[in-house]
Amino acid sequence: MKVLRLLLLPLILSSLPLAAQTTINGRVQEDRYVSPTGEFSVKIPVLPELGGTLSDTPTVVTFQDAFTLHASIACFKMDATQRWEHDTRGNKDYLVWFFSNFVQDDFRQRFPDSRIQSARYFSTVMNGALLVYNVLPGGTMFPDRVAFADPDLVPVAKRGNLVFAHNEYVYVISTELAERVIQARTWDKTAAEEDEILRQRIFGLLKDMSFTVPPPDPGAEVTSQTP
C-alpha cells in the first residue's frame, strides 16, 4: 500500500490553503513553471501584483490569487502496479478508477459530504481524458471571502478535475469555481453553465502546458472538444 500513500499525500496537500514559501521544488523560467522532474511546464496563471502565489511539492503545483483563481496540477509517476492497472483496464476505465480511488477519496477524507456531480470522457484530448465535476461542502479555498449572511451555513465549493495519462505519468488538473461561494448571494448559474466555465478554465491551463514528449497537436485537441 506504499504507492497509495505516496499518491494520496500530495493530493491532500493540494486541497489545503497555500502557505508562504521561500523556495520551490520546481523552477521558474521567465513566465513558466517547470516541474521538478521536467516532465511538464506551464505558463504561470497568476501575477504577484494581484496577490498571486505559487507553491509546490515534488508532485503537485498550486496557483492562487486574491480574486477567483485556485488551480493545481498534479503529476504522478506510474509505477508497475499503476501501469498494470492502466493496461488491464484500458485508458477510460483506468482514469475512472484512479479518480474514484485516489482523488475523490482524498476529497471525501477531508470533506466527508463530498460527491461527484457529473463526469465526461474526451477520447481525443491527450489521447483520452476524464473531466470530473465534484461538489465539496466546506471545501472552498476562499473561506475568508464566503458571501453568506448566516455564518453557520457551510459553503459548497465546486471543482473541475481533468485526469489523463501521458508518458507513464498521471496528471490531475484541478480548479475551483470560486465565484460560486464568493458571489453566493447573486450566483444563479445552472450546473451545466458552471460545468462549461470550469471546462474552459481547465482546458485553458492544459493549452498552456508543454510536455517532455508532446502528444500530437494538443492545442487542436482542446479546441475541438467544445460542447
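**Stop 1: a strand pair.** Select Arg-159 and look straight across to strand S10, where Glu-176 stands opposite. Keep in mind as you explore that this is a predicted model. Now widen the selection to residues 156-166, which are strand S9, and residues 169-176, which are strand S10. These two strands pair in the antiparallel sense, over eight bridges. Strands of a sheet pair through backbone hydrogen bonds, either parallel or antiparallel.

**Stop 2: the sheet around that pair.** Which strands sit beside S9 and S10? Zoom out and follow the order S4-S5-S6-S10-S9-S8-S7: seven strands in an open sheet with antiparallel pairing. At the edges you will find S4 (53-56) and S7 (115-122), each pairing on one side only. On average, neighbouring strands here are turned by 15 degrees against each other, direction ignored.

**Stop 3: strand S5.** Next, select residues 60-64. Are the residues of S5 buried or exposed? Five of its five residues are buried. Try colouring the two faces separately: Val-60, Thr-62 and Gln-64 lie on one side, Val-61 and Phe-63 on the other, and both faces are covered.

Then look at how S5 joins its neighbours. Towards S4, there are four bridges in an antiparallel arrangement, and Leu-54 has Phe-63 as its bridge partner in S5. The hairpin from S4 to S5 passes through three residues. Towards S6 (residues 70-77), S5 pairs in the antiparallel sense over five bridges; there, Val-60 is partnered by Ala-74. This time the connecting hairpin uses five residues.

**Stop 4: helix H2.** Move on to residues 80-89, helix H2, and select the buried residues Gln-82, Glu-85 and His-86. Look down the axis of H2: these residues fall within an arc of 95 degrees, so they line one face of the helix. An α-helix has 3.6 residues a turn, so residues three or four places apart point the same way. Now turn to the face directed away from the buried side of H2, and you will meet the exposed residues Ala-80, Trp-84 and Asp-87.

Check both ends as well. At the start of H2, a side-chain oxygen of Asp-79 comes within 3.1 Å of the backbone nitrogen of Thr-81. Just after H2, Gly-90 has a positive phi of about 90 degrees.

**Stop 5: the four-stranded sheet.** Select S1, S2, S3 and S11, in that order: they form an open sheet with antiparallel pairing. Its edge strands are S1 (27-29) and S11 (209-211). From one strand to the next, the twist averages 25 degrees. Inside this sheet, S2 (residues 32-34) pairs with S3 (residues 40-43) over three bridges, and Val-34 stands opposite Ser-41 in S3.

**Stop 6: aromatic rings.** To finish, show the side chains of Tyr-33, Phe-40, Phe-63, Phe-164, Tyr-171 and Phe-211, which form one aromatic cluster. The model's count of aromatic pairs comes to twelve. Start with Tyr-33 and Phe-63: their ring centres are 6.3 Å apart and their planes stand at 85 degrees, so the pair is edge-to-face. Tyr-33 lies in S2 and Phe-63 in S5, so the pair ties together parts that are 30 residues apart in sequence. Both Tyr-33 and Phe-63 are buried.

Then pick Phe-40 and Tyr-171. Their centres lie 5.7 Å apart with planes at 75 degrees, so this pair is edge-to-face. Phe-40 in S3 and Tyr-171 in S10 are 131 residues apart, so to speak linking distant parts of the chain. Both Phe-40 and Tyr-171 are buried.

Definitions and conventions: Residues are numbered from 1 along each chain as its sequence is written. This is a predicted model: local features need pLDDT of at least 70, side-chain atom pairs count only at pLDDT 80 or more; totals for chains, interfaces and linings use all residues. Side-chain values use heavy atoms; hydrogens and water are left out. Two strands pair if DSSP finds at least two bridges between them. Axes are lines fitted to C-alpha atoms, for helices over the stretch in contact, and angles run from 0 to 180 degrees between N-to-C directions. Buried means under 20% relative accessible area, exposed over 50%, partly exposed in between (1.4 Å probe, protein chains only). The arc is that of the directions from the helix axis to the C-beta atoms. A polar contact is a pair of N or O atoms within 3.5 Å; within protein, one must be able to donate a hydrogen and the other to accept it, and residues adjacent in sequence count only if both atoms are side-chain atoms. Rings of Phe, Tyr and Trp (its six-membered ring) pair if their centres lie within 6.5 Å; planes under 30 degrees apart count as stacked, over 60 as edge-to-face and the rest as tilted.
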